[in-house]
Structure formats: structure tokens, C-alpha cells
Amino acid sequence: MHVNSSYASYGMYSAEARSRFFYLPMPGTTYYTPWLWIDGDYSAGSSYSNWENLILQRIAVPSPLTARMWGEYNPSTRSGTINVMFISDSNATLSGRVLFVITEDSIQRSTPNGDLWHNHVARDYIPDHIGTAVTLNYQDSVTVSFPFTISSSWVDYRCEIVAMIQDPVVVNVTKRIWQGAKIKLMDLNIIGIEEQTNNIFSSKSITVRPNPCVAKTQFSINLPIGENYRIKIFDIGGKLVKTLDGITTKDNEHVLCDFMNAGVYFYSFESKHLSKTGKIIVK
């Protein structure tokens, strides 16, 4: 996430995300992205080499809580309700704060730090960046629910909702996250679909097979007959290397795509009723 207001023109700045950044214990030094923070511990630094080990070590720590998420989402109003239940397995009384954050994935945008693709961008904190205070005794459970609305500029099928419960007490420069969970927005109970026609939630789809592939792969497209589509292929550096335009002539359209070189590529598929991005690995 971009926590500097100078990035506002790139469409990824969030004042709440900035407040959340400084809610954690902060040293006197300014940090930049990419930088790994684990529950407020900033010592991991900007080098990717040891990030995986540190993350796996933290994941391996047993949690005193279990979590379950569910909710509903109405695509026509771009609003819904999100719920999370935490169940305590700890003999101690736990007093923490529960919050949700809506994130958006696969944003393609060139920014001054050189990044072209942006994932898990914090879009909105629910109810805010501090959260709701809860207390649980042994085998107690607590359910926290909030309504939400997503902006018209966010792509709903690229959004996730993350829930977490955090210790508000600073211990060794960290505020530990006791447990977390996440769910894709489109995995919520979808409501209001009967009011829509020709929407993206019917049988409309696109698949890429084989993937990984050798030299070529095939897009299989299910769209209404006569619909225009465009497929853009980008290399790992974000350079556009191929554009495939077409009009569907049958229920299951097949489009062959060949590659000059091995490597990692990204595709962007756009049509009236379906938009999707993804990755293709060419061996």
C-alpha cells in the first residue's frame, strides 16, 4: 500500500492505511516499500532473501484462537455485510481489537518506485484502522459484523476482505496479530443477481490451458456470440508484447497464443461482460 499522500494521483493512496501504518510501534526512521513488517516488527528490512523464512516462522506459532468468516455481497449496489467469528482456545482472558480491511489485487499501474503490478493494496478499513474492542474467556466466542460498500473504481472480483484480531498491548515493539482470516469478495453469498441480465456471474468465463506451457497456449472463452474481446499480453517488465482482438462466433471460442521466448507473462482480458487478468508461465 502507498502511505504517502504524494501517491494519491496513482489511485492507491489511503489515509486510513497511512494511519494504520503509524498505529504500529514506529522507530524514528522512515521506511519505504518494499519493506516487510510482521505484526509491527520492522526488523525484516527491504531484502526479499529472508522474508519467506520469517513469515513461515510466524505462521508456525500456534494461535490461541480460531476464526470463521462469511457474509453477503450485492454486485448491483456494490455493498454487503461481512462477519467474522473468533473462538478462544486460550486459558487466559484475551482482550483485543477486531478489524477488517478490504484489499484489491492485480492492479497494473506504473509508479515511481518501478513497480508495475500491485497486490493486496489496502482500500478500506472497517470500521476504521483501530478496530472494535472485544474480550474472550476460555472457549468463548465473539462475532463482529459490519456493512461495507466498495468504490466504483475498484474491481470487485479482485477484492478480498481480511479479518484480524490484534493484541493492543506493545510487546517487544510489536502488537501481535493473534489470528486472521480472509475471503474473496465474490466468494461471499451473492445476492440480487436475479435483477441483472447478461452479467459476469453466469456461465461467462475464460480459461488458459496449458499453463505452464511450451511455446504456445490456448484461451478458451465463453461469452455471448458476437461479443468483442481483447487479450493483451505483457512481459515480466510490463511491456506489451501482443494484442489479440476478436469476436466470439460460438459458445466456446478457442484462441491460440504463441510466444517467442520462455519466461513469465501476464495477460489482461477485456470484454463487455467479463474482465480478467492472470499469469502465464512459458517454459
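This is a short tour of a predicted model, moving from the whole protein to one strand and then to one loop residue.

**Whole protein.** Start with everything shown as a cartoon: you should find two helices and 18 strands. Switch on a surface next, and about 14,900 Å² of it is accessible, with 51% belonging to carbon and sulfur atoms. Of the 283 residues, 41% are buried. If you like contact maps, look away from the diagonal: among contacts between residues at least 6 apart in sequence, 60% join residues at least 24 apart.

**Strand β3.** Now select residues 94–104, which form β3. This strand is mostly covered, with nine of its eleven residues buried. Keep β3 selected and add its partners in turn:

- Add β7, residues 132–136: this strand runs antiparallel to β3 and is joined to β3 by five bridges. To see one pairing, pick G96, whose bridge partner in β7 is V134.
- Add β6, residues 121–126: here too five bridges are found, and the strands run antiparallel. Click on F100 and look across to I126, its bridge partner in β6.
- Add β9: eight bridges link β9 to β3, again in an antiparallel arrangement. Here I102 stands opposite I161.

**From β9 into the loop.** Follow the chain out of β9 (159–166) towards β10 (177–184), and stop at T174 in the loop between them. Is T174 buried or exposed? T174 counts as buried because its relative accessibility is 2%, below the 20% cut-off. For a last stop, select D39 as well: D39 and T174 are 135 residues apart along the chain, yet their C-alpha atoms are separated by 5.6 Å.

Terms used: Residues are numbered from 1 along each chain as its sequence is written. This is a predicted model: local features need pLDDT of at least 70, side-chain atom pairs count only at pLDDT 80 or more; totals for chains, interfaces and linings use all residues. Side-chain values use heavy atoms; hydrogens and water are left out. Helices (H or I, at least four residues) and strands (E, at least two) are DSSP runs, numbered from the N terminus. Buried means under 20% relative accessible area, exposed over 50%, partly exposed in between (1.4 Å probe, protein chains only). Contact means heavy atoms within 4.5 Å. Accessible areas come from the Shrake-Rupley method with a 1.4 Å probe; for residues, only the protein chains shown count as cover. Two strands pair if DSSP finds at least two bridges between them.
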